[in-house]
Amino acid sequence: MLKIRLKRLGAKKAPIYRIIVINSTTKREGRPIQELGYYNPKSKEMKLDKATAESWISKGAQPTDTVAYLLKNCNEDGTLNYKKSDVVKLSKKAKAKQEAEAAAKAEAEKAAAEAQEAPAEEVTAE
């Protein structure tokens, strides 16, 4: 099976990645079938041949999660449409707290909606 994945280059603690098409059983730094572009996570710089990547996907190549994210946020000219809010990662505790707050808010809205409907029914019954 073909994969579209990242090939790591660069120095220690200064990675640069090439976006490549490669057989899934080949090692990460192995010889690629085709190079589609590059991505520098430090400077958020990216250049990608999006049309070629989409043609490989139509032929059956599977992008990794990271490459799928990069393809999704790629402009037509192949540069990255970077939004800092997309990259924020939350800890498990923060996620649980956020979900609890969202559930409490939904419950409060539901109670408020029921409270508005209840007096209206009592007025019509009298």
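# A salt bridge and its surroundings in a predicted model

Reader: In this predicted model, which residue forms a salt bridge with arginine 18?

Author: The closest N and O atoms of the pair are 3.4 Å apart, and a salt bridge needs a side-chain nitrogen of Lys or Arg within 4 Å of a carboxyl oxygen of Asp or Glu. Arginine 18 lies in strand S2 (residues 14-23) and its partner in strand S3 (residues 34-40), so the pair ties together parts that are 17 residues apart in sequence. The residue that forms the salt bridge with arginine 18 is glutamate 35.

Reader: How many salt bridges does a search of the whole structure find?

Author: The pair to keep in mind is arginine 18 with glutamate 35. Arginine 18 is partly exposed, with a relative accessible area of 33%, and glutamate 35 is likewise partly exposed, with a relative accessible area of 42%. When the whole structure is searched, the number of salt bridges found is one.

Reader: How far away from lysine 7 is the nearest side chain of opposite charge?

Author: Lysine 7 is found in strand S1 (residues 2-11), and it is buried yet has no salt bridge. Leaving out residues up to four places away in sequence, lysine 7 touches several residues, among them Arg18, Arg28 and Glu29. The nearest side chain of opposite charge belongs to glutamate 35, and because a salt bridge requires the nitrogen and the oxygen to be within 4 Å, this pair does not count as one at its distance of 4.7 Å.

Reader: Is leucine 6 buried or exposed?

Author: Leucine 6 also has its place in strand S1, and beyond its neighbours within four places in sequence it is in contact with Tyr17, Arg18, Ile19, Arg28, Thr66, Val67 and Leu70. Its C-alpha lies 8.3 Å from that of threonine 64, although these two residues are 58 apart in sequence. Since its relative accessible area is 15% and the cut-off is under 20%, leucine 6 counts as buried.

Reader: Which residues is threonine 52 in contact with, leaving aside its neighbours within four places in sequence?

Author: Threonine 52 lies in helix H1 (residues 50-58), and at 17% relative accessibility it counts as buried. Once the neighbours within four places in sequence are left aside, the residues in contact with threonine 52 are Gln34 and Leu36.

Reader: How far apart in space are serine 24 and methionine 1, C-alpha to C-alpha?

Author: Serine 24 is found in the loop between S2 and S3, where at 28% relative accessibility it counts as partly exposed. Not counting residues up to four places away in sequence, serine 24 touches Met1, Lys3 and Arg5. Although serine 24 and methionine 1 are 23 residues apart in sequence, their distance in space, C-alpha to C-alpha, is 5.7 Å.

Reader: What is the value of phi near which lysine 13 sits?

Author: Most residues other than glycine have a negative phi. Lysine 13, which lies in the loop between S1 and S2, is exposed, with a relative accessible area of 70%. Its phi is a positive value in a residue other than glycine, near 65°.

Reader: Where is lysine 44, whose phi is also a positive value?

Author: The phi of lysine 44 is near 55°, and at 27% relative accessibility lysine 44 counts as partly exposed. Its place in the chain is the loop between S3 and strand S4 (45-48).

Reader: Which residue has lysine 59 lying over its face?

Author: The distance from lysine 59 to the ring centre is 5.0 Å, and a charge sits over a ring only if it is within 6 Å of the centre and within 35 degrees of the ring normal. The residue whose face lies under lysine 59 is tryptophan 56.

Reader: Which element of the protein chain has the lowest mean pLDDT?

Author: The secondary structure comes to four helices and five strands, which follow the pattern β-β-β-β-α-β-α-α-α along the sequence. The mean pLDDT of the protein chain is 84, and 86% of its residues reach 70 or more. Among the elements, S2 has the highest mean pLDDT, 94, while the lowest, 53, belongs to helix H3 (residues 84-87).

How values were computed
Residues numbered from 1 in each chain as written. Predicted model: local features only at pLDDT ≥ 70, side-chain atom pairs only at ≥ 80, totals over all residues. Heavy atoms only, no water. Helix = DSSP H or I, 4+ residues; strand = E, 2+ residues; numbered from the N terminus. Buried < 20%, exposed > 50% of the residue type's maximum accessible area, 1.4 Å probe, protein only. Lys, Arg positive; Asp, Glu negative; His and termini not counted. Contact = heavy atoms within 4.5 Å. pLDDT = per-residue confidence, 0-100.
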